[in-house]
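Please look through the sequence and the model below before reading on. The report then walks through a few places in the fold, one after another.

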Amino acid sequence: MEIILSKTTTTERMLFYSGLIDHMGEVHDGNTFTDFMDQERERGITITSAAVTFFWKNHQFNLIDTPGHIDFTMEVEQTLNVLDGVVMILDGSAGVEAQTLTVWRQADCYNLPRIIYVNKMDRADSDINMCCSSIEKKFDLAALLLQLPARAGGKLTGVVDVLSLELFQYGNSRAKGVSVVDLSEETHPQLFADAQQARVRLIEQLTEHDDELANKVIASESFETVSSQEIIKALQKVTQDRVAVPVVLGSSYKNIGVQNLMDAVIHYLPTPQRSSKIFSAFEDAFCGRAFKVKHDKQKGPLVFVRLYNGSIRKGQKIFSVQRSESEQVGRLYVAYADDFQEVESLGSGNIAVLSGLKKTLSGDLVTTSQTAYDRAGKNVLKAQKKSDAPLQVSADSLFGVGARIPEPVFFCSIEPPSMSSQQALDQALTELQREDPSLRVSYNAETGQTVLAGMGELHLEIIRDRILKEYKVDADLGPLQIAYREAPLDSVTESTTVDIKIGSHKNHVLVKMSLIPTVNYTSEDLLKFDKNADNASNISAIYPKHLQAIRQGVTVGLAQGPKINSQVINTHVMLHWFEVGRGTSETIIASTVTQLVQKLVKLSGTRILEPVMALEIVTPPEHLSSIMADLSRRRTNINSVTMRGKAQVVTASVPLAELLGYSSDLRIISSGTAMFTTEFEEYRRMSSSDEEEAIRSVRGF
């Protein structure tokens, strides 16, 4: 279910008021500037992030409009990785919703300062106080309300600035001008009293987090002597320290409050220079991060890169840290949604679009050379030692090398309409997988089928639609299946020896390993090493290339469990002993380890785990009992039932298998008035009867 918070509508207004576009498009008309894919315009949702550069009050904005649907969370993750700050948009009648929490947690991972824009304040059921309470309860930090809604005849007519005690009015819907009126007790008695009270409350909140402002208030013994500039300075500090969040409001669709939102971005979110200090370790060398890949019919693959340090020129060589490979940049562009302007060079803080790169992927850190990266790493470690930091963090961690890729929860087979289309389908899948790291493409040797794995029904449906419209291949998708996992039951230890002669080369490998079950799934290194004195000396002598082959063998060995050929999780593999003959190939080492790991998994035995989703349903009260009765038939754990305005909100944990087709079922139960959101929660053990049912659904018998 899409949470439509009007991000794209807000972006459209920003571009209009900044002068970049002459006419505002609408999401429901399918003519917005940043939703340019056919699928986005047909469905009225954002599927891929769109980058656009514009200017407002002599400041350059590099804005990225991201998807709101949980199926496209990887797009959000990759985008957050390169931002300086985030504008979170809430529905004024709903407050903090499930997907908002997901994005907030993602932003926490990157320590991003945020401001909140409460949209849709024109609605009769909007409530700014409820939204602020929701923010404080769900995010556990102070909501700093900077504006109040001004209404006349029950309609939103403007916005009151709490700092300056001014009323902003916006005229007709297409006017760019804003009229500003000073509030006073004579002209606007109620608004003036409310704004004064809100200003005092704001200063009180800020003094709890800013000692300088607190001392000023104590010295003057008055809140009235605090100037707007002093409040802005304190707001900058608490926002960038992430101890509180400024809240502004408006109605993007009604063209109210968007100009003030852009002012708030300038005032409170950090500049690129402040947010990218760590990358100054690269000194004069260029450094940036790729966050998006797009295939253009004329220009070929285009890689979007956020520039952290130095400058980049067209035609120069760049080095991908993750790929350990250098590539030459073709042309250099600045992005305006789906339009591109060619430039000669770009400096730090900008978003560059590079053509000609064949291997760089989304999430890669790029710089001028391996030498430049090594030098930056040494500079960071040197700075850490000087600062006497108790915890020394690796350069890779500080520079964010490696992207978190969420686990897919659905998979299905995909087949071309004819053998003559196979090559075109393979090319389409290769390009789409490079664009979208959350899409997994694999080949099932048993069935001879290509298998797609993705984040949800909509995700895979969009992939099929893109293959048809962009690559002209009418591919057939098999029935949607749940991405179950298997977990080992017992700890087991085994060893294996392989002696094989290939041509004139003798290959010898001896490996001893243990399979050790863990309680929870972890994405950290699956391979552990025996620290016993004798074994540790043996392991420390392993060559890096052989260690890489061992890791590869472990990964492949755990890719398919014995029950339903699902990935094996909740386990570590411990290496006790390793011997290898001279000249033995890495391929033999990897295959030996794979065979041993598969043997260990069979000896241990496995249980099946199923994906469980966090479900949130928002419904009118009259349909609550029917929805609860339906949930009780779906192996559901109800977590809470609360009120949000006039609506009831149900939060629950539900196995994904029980949610297939739930959108249609909920629409029927609630007569189309309820909506729901889901996100992955955990893999959970199944009962014996449910496990047998899962085996039948996967195997077909």
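What follows describes the nonpolar cores, an enclosed helix, a pair of crossing helices and three single residues of this predicted model.

**The nonpolar cores**

In soluble globular proteins, nonpolar side chains tend to be buried together. The largest nonpolar core here has 96 residues, and among these Ile116 and Ile312 touch the most other members. At least three residues of this core come from domain 1 (2-270), and at least three from domain 2 (275-399). A second core, separate from that one, consists of 38 residues, including Leu439, Ile467, Met686 and Ala694.

Which residues does Ile116 touch, if those up to four places away in sequence are not counted? They are Met88, Leu90, Trp104, Ile135, Phe139, Val245, Pro246, Val247 and Val248.

**Helices**

Helix 9 (residues 258-268) is largely enclosed by the rest of the structure, because 9 of its 11 residues are buried. The buried residues of helix 9 include Val258, Leu261, Met262, Ala264 and Val265, but also Gln259, Asn260 and Asp263, and Tyr268 as well.

Further along the chain, the axes of helix 18 (residues 624-632) and helix 19 (residues 662-669) come within 10 Å and cross at roughly 145°, and the crossing of helix 18 with helix 19 is right-handed. Helix 18 brings Ser626, Ile627, Asp630 and Leu631 to the contact, while helix 19 brings Tyr662, Leu666 and Ile669. Sorted by class, the residues in this contact are 5 nonpolar, 1 polar and 1 charged.

**Three single residues**

Arg485 is in strand 26 (residues 485-488). Is this arginine buried or exposed? With a relative accessibility of 7%, Arg485 is below the 20% cut-off and therefore counts as buried. Leaving out residues up to four places away in sequence, Arg485 touches Glu407, Pro408, Ser566, Gln567, Ile569, Arg607, Ile608, Leu609 and Tyr683.

Two further residues have a positive phi although neither is a glycine: Arg242 and Asn570. The table sets out where each lies and how accessible it is.

| Residue | Phi | Loop between | Relative accessibility |
|---|---|---|---|
| Arg242 | about 60° | helix 8 (228-240) and strand 10 (244-249) | 32% |
| Asn570 | near 55° | helix 16 (544-557) and strand 30 (571-580) | 11% |

At 32% relative accessibility, Arg242 counts as partly exposed, whereas Asn570, at 11%, counts as buried.

Technical notes:
Residues numbered from 1 in each chain as written. Predicted model: local features only at pLDDT ≥ 70, side-chain atom pairs only at ≥ 80, totals over all residues. Heavy atoms only, no water. Core = buried A, V, L, I, M, F, W, Y, C linked by side-chain atoms within 4.5 Å. Buried < 20%, exposed > 50% of the residue type's maximum accessible area, 1.4 Å probe, protein only. Domains from an automatic or database assignment. Contact = heavy atoms within 4.5 Å. Helix = DSSP H or I, 4+ residues; strand = E, 2+ residues; numbered from the N terminus. Axes fitted to C-alpha atoms, helices over the stretch in contact; angles between N-to-C directions. Left-handed = near helix turned anticlockwise from the far one by under 90°. Nonpolar A, V, L, I, M, F, W, Y, C, P; charged D, E, K, R; others polar.
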